[in-house]
Amino acid sequence: MWLYHSLLALLTPVILLKIRRFKKTYQHYRAKEAFGFWPSVEVDLWIHCASVGEVLAVRPLVLQWRERFPTHRLLMTTMTPTGAEQVEKAFPFAEHRYLPMDWRCSVKRALKKITCKRLLIVETELWPNLLHQAKRQGMRIDVVNARLSERSFQRYQKFSLISRTLFALPDCFLAHAQADAVRFEALGAKKVLVTGSIKFDLVVPPEVFQANWRRQLGSRFVWVGGSTHQGEDEILLRTHQALLQKQPNALLLLVPRHPERFEAVYALAKQSFDRVALRSQTPLEQWSDFDVVIGDSMGELMHYYQASDMVFVGGSLIKRGGHNPIEPALLGKTILVGPYTFNFAEITDQLLQVNGAVRCQDETQLESVVLDLAGQASQRYRLGQTALRFAEKNQGAVTRVLAEIDFR
């Protein structure tokens, strides 16, 4: 652990700057909790989610748990203020705390304030000091929706002395797929079960259909760049320029992954298009007056997807590993991905195998596919329905997780 603590000490100035930025940007951010200064809390279950994506992923599990144990108390922790906002919106019955940064003193200080026997960690957010301290307090630790890409596996293997200690601490890993399970076992996990992805059990919120953004946009062709990163926005904007040559009424909804990039992406779009709007400043009924709308909002990605004819899933044209393709699949949308999908490798590969998505290897191919499918409504419908059937067929992970874990 000395190596981990040395690296953590070196990164402390960066962590402090991040806390300062959060405090400056988000008025509701409680910075003192990041240092372990928690109010006392007594709960039956503690769930940790890194940020927005994990909060949304765990929603089906929390709601089914709540139905079974309506009087049980829940604590949810996040690292980010945007994650906290989603917890407040999705789980108003839950207590929320910001997870302390993984300094030993901060973690010990926070955990002295909690009475709880069970910690669930969503995906693979493994902090050594948190795990050690939770085990010392007698908590059972389960990692839910656990996934580990080959790339991350290779990184952990380079530090096997730390890794084997770290991966032996959770009581159980409930893995996405068999490939993930094999990697966890190779890194020293004590117990690994394959339960599938709880993200398939996502229920599209009723308000998405009630709001029905698609109805407001009429018959024009609408496509979404969802959860995009730097290096992808430029490509999507150039592709949209080419699309407008064939379909002058087309609309691009460009939704950056991180809120700190909203303004930069808006400025980037303004360099190429005269008619660019921000979601936060433009009523939905006026979107038809624009070529590009920047989705500068959090927690509305399903609304953007519902409004679209076709979805590009971000993080996949660059080496970020791609984001979740299940959300657009559950809405029956045509799905495009880039060459880098290692974060959801098994899900994406299976989706591609059943012709429920289209992979675009580079900008040239993306432009070709977008221009081609924009004019083929029947083909888009077939792709979307195949994606929907695939997603529905793979549901049931939440039931399997609930069966494996005693939540009483």
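How many helices and strands does the secondary structure of the chain come to? The count is 19 helices and 16 strands, and the legends below walk through a predicted model.

**View 1. The whole chain, before zooming in.** With its 19 helices and 16 strands, the chain has a radius of gyration of 22 Å, close to the 22 Å that the globule rule gives for 408 residues, so it is as compact as a globular protein of that length. Laid along its principal axes, the C-alpha trace spans about 65 × 45 × 45 Å. Buried residues account for 58% of the 408 residues. Take the contacts between residues at least 6 apart in sequence, and 67% of them turn out to join residues at least 24 apart.

**View 2. The stretch that UniProt lists as a domain.** An unreviewed UniProt entry lists residues 31-201 under "domain: 3-deoxy-D-manno-octulosonic-acid transferase N-terminal". In the model, this stretch is 43% helix and 21% strand. Its end C-alpha atoms sit 33 Å apart.

**View 3. The open sheet that runs from S4 to S9.** Seven strands line up here in the order S4-S3-S2-S6-S7-S8-S9, with parallel pairing. Strand S4 (95-98) and strand S9 (192-194) are at the edges with a single partner strand each, so one side of each is left without a neighbour in the sheet. From one strand to the next, the twist averages 20°. Zoom in on strand S7 (residues 140-146) and strand S8 (residues 172-175), and you find a parallel pair held over four bridges. Ala-146 is the residue that stands opposite Ala-175 in S8.

**View 4. Asn-145, a positive phi inside a strand.** Asn-145 belongs to strand S7. Its phi is near 60°, a positive value in a residue other than glycine. Most residues other than glycine have a negative phi. Is Asn-145 buried or exposed? Asn-145 counts as buried because its relative accessibility is 0%, and the cut-off for buried is under 20%.

**View 5. Glu-54, annotated as an active site.** The "active site" label on Glu-54 comes from an unreviewed UniProt entry. Look for Glu-54 in helix H3 (residues 52-68). Its relative accessible area is 16%, so Glu-54 is buried. The side chain of Glu-54 reaches back to the backbone nitrogen of Ser-51 at 3.0 Å. Which residues does Glu-54 touch, not counting those up to four places away in sequence? They are Cys-49, Val-122 and Glu-123.

**View 6. Glu-123, one of the residues that Glu-54 touches.** Glu-123, a contact of Glu-54, lies in the loop between strand S6 (118-122) and helix H6 (128-136). Here too the phi is positive in a residue other than glycine, with a value near 70°. Glu-123 has a relative accessibility of 4% and therefore counts as buried.

**View 7. The open sheet that runs from S12 to S16.** Seven strands make up this open sheet, in the order S12-S13-S11-S10-S14-S15-S16, and the pairing is parallel. Strand S12 (276-278) and strand S16 (358-359) take the edges, each with a single partner strand, so one side of each is left without a neighbour in the sheet. Further in, strand S11 (residues 251-256) pairs with strand S13 (residues 292-294) in the parallel sense over three bridges. The bridge partner of Leu-254 in S13 is Ile-294.

**View 8. Asp-233 and its surroundings.** Asp-233 lies in helix H12 (residues 233-246). At 0% relative accessibility, Asp-233 counts as buried. What does the side chain of Asp-233 make a polar contact with? The partner is the side chain of Thr-228, at 2.6 Å. Setting aside neighbours within four places in sequence, the contacts of Asp-233 are Thr-228, Leu-254, Arg-261, Val-265 and Leu-268. Leu-254 may ring a bell: this is the residue bridged to Ile-294 in S13.

**View 9. Glu-263, out in the open.** Glu-263 lies in helix H13 (residues 262-272). With a relative accessible area of 69%, Glu-263 is exposed. Its C-alpha atom and that of Arg-214 are separated by 25 Å, and the two residues are 49 residues apart along the chain.

Key:
Residues numbered from 1 in each chain as written. Predicted model: local features only at pLDDT ≥ 70, side-chain atom pairs only at ≥ 80, totals over all residues. Heavy atoms only, no water. UniProt positions renumbered as here; feature names shortened; annotations may be inferred. Helix = DSSP H or I, 4+ residues; strand = E, 2+ residues; numbered from the N terminus. Buried < 20%, exposed > 50% of the residue type's maximum accessible area, 1.4 Å probe, protein only. Contact = heavy atoms within 4.5 Å. Polar contact = N/O pair within 3.5 Å; in protein donor to acceptor, adjacent residues only side chain to side chain. Pairing = 2+ DSSP bridges. Axes fitted to C-alpha atoms, helices over the stretch in contact; angles between N-to-C directions. Rg over C-alpha atoms; globule rule 2.2 N^0.38 Å.
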